Amino acid sequence: MPELPEVETIVRALRDGGRGGDSILGKKIVNAKVFWNKTIEETGPRIFTKKIVGQKIKNISRRGKYIHIHLDNDHLFFHLRMSGDIVIEDEEIPVHKHVRINLSLDDKRKISFYNPRKFGRVWLVDDPDRVVGKLGIELFDKSLDKKLLHQMLNTRKRQLKPLLMDQTFISGLGNIYTDEALHMSKLHPLSISDQINMKESSVLLNSIRSVLETGIKTNGASFDWMYKGGEFQNQFRVFQRKGEECPVCGTEIRKMVVGQRGTHICPNCQQLQEL
DNA sequence: AGGGAAACCCGAACGC
DNA sequence: TGCGTTCGGGTTTCCC
């Protein structure tokens, strides 16, 4: 399930070359094939194809969990949602049944958008804000410090975990990394945001960044069977470890539901403060 | 305003 | 073994 580290890994592979490939910067898109129409937002497949063919890839970056491909005239965004990968392949590789879009390049290669569960989406827009305009501050934005986070938390009154996962609040945190960061911070996912003090905000911010940095270093978590990149899943502290021992105190890890999401906590380390 | 539910999907895991 | 059922994960949309 591609979260920020997985997306970051894909972006680096496309932009800088990686996983054995060469960068696609500067290549021209010479053909586009759409195998699942609903993958495309904003425009239908015909307009999408017509507009994108002929444009060159100027830059590739990331905003939240979106992959942002800057073209000559337009902006191409990918979001993988629940599953999948974006890979560069030789043109003659047969189209796998999970490939939703192929973009052929002018060097006999193609960009293949793998998305088994059909949740992933693609946008081709002239104004990037149409796609990423509402996103909150980037996790690694330098202006995001403990003071700002503390203030952001305290001006809302929401359950901590759903707030952290709200992409308009901070962009980039998903279910796995939020559970991991909350455990590292010793904060309960149901804590109310305006009860978090400065010290806790500081620890939380450091934990979030630490967990994400580790994820990026290990190329993300790859227990999504389509995404083969990473090793982060071997370091989970609590995620998907229900019934096992907390790595800090040995207490049995519990699973609960918070904001409709599977949530893993150590009931000893992460106690809900009574008001 | 915040929270819960449903919808979108389908391979894997589980239950019988 | 083989069948049917449930689950999960990110986001949006709708409802209370």
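## Exercises: a helix, three loops and a DNA strand

Leu 182 counts as buried, because its relative accessibility is 1%. Buried means under 20% relative accessible area, exposed over 50%, and partly exposed in between (1.4 Å probe, protein chains only).

The model is predicted: local features need pLDDT of at least 70, side-chain atom pairs count only at pLDDT 80 or more, and totals for chains, interfaces and linings use all residues. Residues are numbered from 1 along each chain as its sequence is written, chains are lettered from A and ligands numbered from 1 in the order in which they are written, and side-chain values use heavy atoms, leaving out hydrogens and water.

### Exercise 1. The surroundings of Leu 182

**Task.** Place Leu 182 in its helix and list its contacts beyond four places in sequence.

**Solution.**
1. Find the element. Leu 182 sits in helix α6, residues 175-185. Helices (H or I, at least four residues) and strands (E, at least two) are DSSP runs, numbered from the N terminus.
2. Collect the contacts (heavy atoms within 4.5 Å). With neighbours within four places set aside, Leu 182 touches Leu 160, Lys 161, Leu 164, Leu 187, Pro 189, Leu 204 and Gln 270.
3. Check one separation. Leu 182 and Val 238 are 56 residues apart along the chain, and their C-alpha atoms are 9.7 Å apart.

### Exercise 2. The cover of α6

**Task.** How many residues of α6 are buried, and which elements do they pack against?

**Solution.**
1. Count. In α6, 10 of 11 residues are buried, so the helix is mostly covered.
2. Name them. The buried set is Asn 175, Ile 176, Tyr 177, Thr 178, Asp 179, Glu 180, Ala 181, Leu 182, His 183 and Ser 185.
3. Find the partners. These buried residues pack against α1 (4-16), α5 (160-165), α7 and β13 (261-265).
4. Look past the end. Lys 186 follows α6 and has a positive phi, near 60°.

### Exercise 3. Ser 191 in its loop

**Task.** Is Ser 191 buried or exposed, and which backbone oxygen lies 2.6 Å from its side chain?

**Solution.**
1. Locate. Ser 191 belongs to the loop between α6 and α7 (198-217).
2. Classify. Its relative accessibility is 10%, so Ser 191 counts as buried.
3. Find the polar contact. A polar atom of the Ser 191 side chain lies 2.6 Å from the backbone oxygen of His 188. A polar contact is a pair of N or O atoms within 3.5 Å; within protein, one must be able to donate a hydrogen and the other to accept it, and residues adjacent in sequence count only if both atoms are side-chain atoms.
4. Add the other neighbours. Beyond four places in sequence, Ser 191 is in contact with Arg 158, Gln 159, Leu 160, Ile 196 and Leu 272.

### Exercise 4. Two positive phi angles

**Task.** Classify Arg 81 and Gln 260 by accessibility.

**Solution.**
1. Arg 81 is not a glycine, yet its phi is positive, about 50°. Arg 81 lies in the loop between β5 (75-79) and β6 (85-90). At 38% relative accessibility, Arg 81 is partly exposed.
2. Gln 260 is not a glycine either, and its phi is positive at about 65°. Its loop runs between β12 (254-258) and β13. Gln 260 has 76% relative accessibility and counts as exposed.

### Exercise 5. The surface around DNA strand C

**Task.** Which residues come nearest to DNA strand C, and which side chain reaches a base nitrogen?

**Solution.**
1. List the nearest. DNA strand C has 15 residues around it, and His 79, Met 82, Arg 117, Lys 255 and Arg 261 come nearest. A residue is near a strand if one of its heavy atoms lies within 4 Å of it.
2. Split the strand's atoms. Of the atoms of DNA strand C within 4 Å of the protein, 58% belong to sugar or phosphate and the rest to bases.
3. Take the phosphate pairs. Polar side-chain atoms lie 2.9 Å from a phosphate oxygen for Lys 65 and 2.8 Å from one for Lys 255.
4. Take the base pair of atoms. An N or O atom in the side chain of Arg 117 is 2.8 Å from a base nitrogen of DNA strand C.

### Exercise 6. Chain A as a whole

**Task.** Count the helices and strands of chain A and give its buried share.

**Solution.**
1. Chain A has 7 helices and 13 strands.
2. Buried residues make up 52% of its 275 residues.
3. Its C-alpha trace spans about 60 × 35 × 30 Å along the principal axes.
4. Of contacts between residues at least 6 apart in sequence, 63% join residues at least 24 apart.
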